[in-house]
2 protein chains.
Amino acid sequence: MKLQVALDTLSLEACEELLSQTQDYVDIAEIGTPFVIEEGMRPVKYLKDKFPSIEILADVKIMDAGEFEADKCFSAGADICTVLGVSNNSTIEGVVRSAKKHHKKVMVDMIEVKDLAQRAQEIDEMGVDYICVHTAFDIQNTGKDPLDDLKILNSVIKNAKPAVAGGVKLETIDAIVQEGAEIIVVGGAICTADDPVSATIAIKNHFQ
Amino acid sequence: MKLQVALDTLSLEACEELLSQTQDYVDIAEIGTPFVIEEGMRPVKYLKDKFPSIEILADVKIMDAGEFEADKCFSAGADICTVLGVSNNSTIEGVVRSAKKHHKKVMVDMIEVKDLAQRAQEIDEMGVDYICVHTAFDIQNTGKDPLDDLKILNSVIKNAKPAVAGGVKLETIDAIVQEGAEIIVVGGAICTADDPVSATIAIKNHFQ
């Protein structure tokens, strides 16, 4: 069970400071989509260089040109890159080809997939490493809980490992740990906490 | 009718050279998704500064955190940014809020939308500026033609203006011009041509 911290509201300097104080607790540092939009692969290269023992995930949410775009992430030093579950199978297959070529990993982000069970089963056959249920930031105020989706995911996948993202916080971590996920992604509950270092340690202490 | 050139396989220097020789023909310069993945908003800022009369589109394909991510594009100087048609309505609404705040524009990319007519009608009510039918790069070898989708789009939208992308080339431009689109996006047919400048001019000469 790994803790992935989504870094998308902090400056690069603040990310470096946070990781330097939490590197014994953070397994995967996610360069979030807004961070990629602003800076491209610069934070991927920089943080991989500074923290070689932490896995770096480039949350690029690939939707097309799968192999071409994934190549750019892995060449920059990313250990994992994301592709959207709503993308065409050809796109996901391209990202998988790129990952195998670079000996790296693929996470499929299931955000806004309409039939989660059916699409997860299809994607589970494609050789991806992780399938991530993800409650969009833009709908987190509707009360939707990623735990429900995690249960559906866990009931259908046989090859890929499960991941969960979207509004995960200290109050909801135990139920997720109990349901079981290979990767638990935490963003706001760490990055917008008064003390992000303490928040990281407190959350990781609930992991099994 | 505007020509949008998708820049996603050239270096920044090559883009600058191409635009400097074609600025009377290119209406919109698209900073393509792979370019954003590599460089973030740097090419947006750089090319807007060099070519203030050309509109700059940031092809960020937003899928979540609509207002937050669009703010980053418009703050960097983009005139138009893209959001995915498969994203949640809240996300598209967030991008529209950001665009109105910055007095900029929104293009919705309909790539992989399953029911194009129905989704285009929904999105047409949301205050977006352009709806773009888009045949994914990863399925362009299947013979799928964006012209068919453009006809569907044109038959249902009443507010937004139509755009078309995905494998558009000199041989297919006349049929698209005849069907009618506010923006025609051309990528590979220009950027991978032996002579991109001549290719740009040849294609633009078919516009009405």
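How many nonpolar, polar and charged residues make up the lining of the largest cavity? Let's walk through this predicted model and find out. The structure holds one cavity of 30 Å³ or more, and the volume of the largest cavity is about 160 Å³. Of the 17 residues lining the largest cavity, A:T33, A:I37, A:V60, B:T33 and B:V60 are the closest to its centre. By class, the lining comprises 10 nonpolar, two polar and five charged residues. Both chains take part: α2 (33-39) and β3 (55-62) of chain A, along with α2 (33-39) and β3 (55-62) of chain B, each supply at least two residues of this lining.

Next, the cysteines. Over all chains, the structure holds zero disulfides. Take A:C132: the closest cysteine sulfur, in A:C81, is 13 Å from its own sulfur, which is too far for a bond. A:C132 also counts as buried, at 3% relative accessibility. In chain B, B:C81 is in no disulfide either, with the nearest cysteine sulfur, that of B:C73, 4.6 Å away. The cut-off for a disulfide is a pair of sulfur atoms within 2.5 Å. B:C81 is buried as well, with a relative accessible area of 0%.

Charged side chains give us plenty to look at, with a count of 28 salt bridges over all chains. One of them joins A:D79 and A:K48, at 2.8 Å from N to O. A:D79 sits in the loop between α4 (66-75) and β4 (80-84) of chain A, while A:K48 belongs to helix α3 (residues 42-50) of chain A, so this pair ties together parts that are 31 residues apart in sequence. Both partners count as buried: A:D79 has 12% relative accessibility, and A:K48 has 18%.

Over in chain B, the side chains of B:K2 and B:E55 meet in a salt bridge, again with 2.8 Å from N to O. This pair links distant parts of the chain, since B:K2 is in strand β1 (residues 2-7) of chain B and B:E55 is in strand β3 of chain B, 53 residues apart. Here B:K2 counts as partly exposed at 21% relative accessibility, whereas B:E55 counts as buried at 18%.

Another bridge in chain B pairs B:D59 with B:K61, at 2.9 Å from N to O. B:D59 counts as buried at 6% relative accessibility, and B:K61 counts as buried at 11%.

Finally, back in chain A, salt bridges link A:E67, A:D71, A:R97 and A:K101 in a network.

Technical notes: Residues numbered from 1 in each chain as written. Chains lettered and ligands numbered in written order. Predicted model: local features only at pLDDT ≥ 70, side-chain atom pairs only at ≥ 80, totals over all residues. Heavy atoms only, no water. 1 Å grid on protein atoms, 1.4 Å probe; cavity = no way out; pocket = protein on both sides within 12 Å on 5 of 7 lines; lining within 4 Å. Points joined across faces, edges and corners; volume = space filled by probe spheres on them. Helix = DSSP H or I, 4+ residues; strand = E, 2+ residues; numbered from the N terminus. Nonpolar A, V, L, I, M, F, W, Y, C, P; charged D, E, K, R; others polar. Buried < 20%, exposed > 50% of the residue type's maximum accessible area, 1.4 Å probe, protein only. Salt bridge = Lys/Arg side-chain N within 4 Å of Asp/Glu carboxyl O.
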